[in-house]
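Subject: Structure handover

Hi,

Here is the structure I promised to pass on. Please load it first, then read my notes below.

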Amino acid sequence: RFLDLPPDSVAKTVVVAVGLCLVASMVVSAAAVALRPVQEANQLNDKRVNVLQVAGVYNPDVPVNEAFAAFEPHVLELETGEYTDQFEIDTFDQLAASGDPAIVRALDEDPAGLGGQMDAFRMIYILRDDAGEIDKVVLPIEGYGLWSTLFGFIALEANGNDIFGLQFYQHGETPGLGAEIDNPRWKALWNGKKLFTEDGTLAITVAKAPPPQGREYYVDALAGATLTSRGVDNLVRFWMSEAGYGTFLDRLQAGDID
């Protein structure tokens, strides 16, 4: 019988080891399931903090949910540049939407490295001033850097052209090099830059030298992180183009967004 086997027998050692592994795996699995709601809540809270920060209204002394209530979330249909009521705001999951073949579209060109397809709908955030007029528009952006997909937000002024801020909340770029996209000094370079020239040409550029249009359309590339800088340039230009939020920005500039 098993209990009668010597303590140092191979059979008993194997059975005990397998039993311990099974118990440990059950404990870890149970903990993962139990903690999932907490993890999801923390992820949501972190994303909201980033929205507040990029719009310049984050205050650590104010509860995040309270501060975030000032924003109007809308699900935007990129092709039409209009809000849609096809989804429930409170349950719309951008990540899940990205995996739904019914609401993604193929890309003829993929400069941002999105894997050849992108969401047809995006959750955006509107911040209004005390008079009820649009003050800021926060748009989610993403694209490939050197080692990872960069997920972030860009905040625009109400004119749909002036950049207020840009920041990323998730990436896996090299610390000290590409990860300098998190450096407050580099993020501050985006404030006050313009997307489009007066004739409507998309001109914003991340590069080593300003474009012909001028420095107001230029953000200096990160030193030693050429490919990450190029990735940021590609993804920002993609999302601000007609393939991304371009139609919405046209409507915003024309005063057609309430």
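K194 is partly exposed, at 28% relative accessible area (buried is under 20%, exposed over 50%, partly exposed in between, with a 1.4 Å probe and protein chains only). Keep in mind that this is a predicted model: local features need pLDDT of at least 70, side-chain atom pairs count only at pLDDT 80 or more, and totals for chains, interfaces and linings use all residues. Residues are numbered from 1 along each chain as its sequence is written, and side-chain values use heavy atoms, leaving out hydrogens and water.

**Salt bridges**

How many salt bridges does the structure hold? There are six (a side-chain nitrogen of Lys or Arg within 4 Å of a carboxyl oxygen of Asp or Glu).

One of them joins the side chains of K194 and D162, with N to O at 2.8 Å. This pair links distant parts of the chain, 32 residues apart. D162 sits in the loop between strand 7 (149–157) and strand 8 (163–170). K194 sits in the loop between helix 4 (184–188) and strand 9 (205–207). Helices (H or I, at least four residues) and strands (E, at least two) are DSSP runs, numbered from the N terminus. D162 counts as buried because its relative accessibility is 19%.

Elsewhere, D119, R122 and E142 are joined into one network by salt bridges that share partners. Between the side chains of D119 and R122, the N to O distance is 2.9 Å. D119 has a relative accessible area of 5%, so D119 is buried. R122 is at 1%, so R122 counts as buried too. The other link runs from R122 to E142, at 3.2 Å, N to O. Why does that pair tie together parts that are 20 residues apart in sequence? Because R122 lies in strand 5 (residues 121–128) and E142 in strand 6 (residues 134–144). Both R122 and E142 are buried.

**Strands 5, 6 and 7**

The strands that hold R122 and E142 are also paired. Strand 5 and strand 6 run antiparallel over four bridges (two strands pair if DSSP finds at least two bridges between them). L127 has K136 in strand 6 as its bridge partner. The two strands form a hairpin with five residues between them. In its turn, G132 has a positive phi of about 90°.

Strand 6 also pairs with strand 7, again in the antiparallel sense, over nine bridges. Here P140 is matched by F153 in strand 7. Strand 6 and strand 7 make a hairpin with four residues between them. Strand 6 is largely enclosed by the rest of the structure, because nine of its 11 residues are buried.

**Helix 5**

Helix 5 covers residues 226–239. Does its span agree with expectation or deviate from it? It agrees: the 14 residues should span 20 Å at 1.5 Å a residue, and the end C-alpha atoms are 20 Å apart (expected span is 1.5 Å times one less than the number of residues).

Its buried residues are T228, S229, G231, V232, D233, L235, V236, F238 and W239. S229 is at 2% relative accessibility, so S229 counts as buried. Which residues does S229 touch, not counting those up to four places away in sequence? They are V206, A221 and L222 (contact means heavy atoms within 4.5 Å). V206 falls within strand 9 (205–207).

Best wishes
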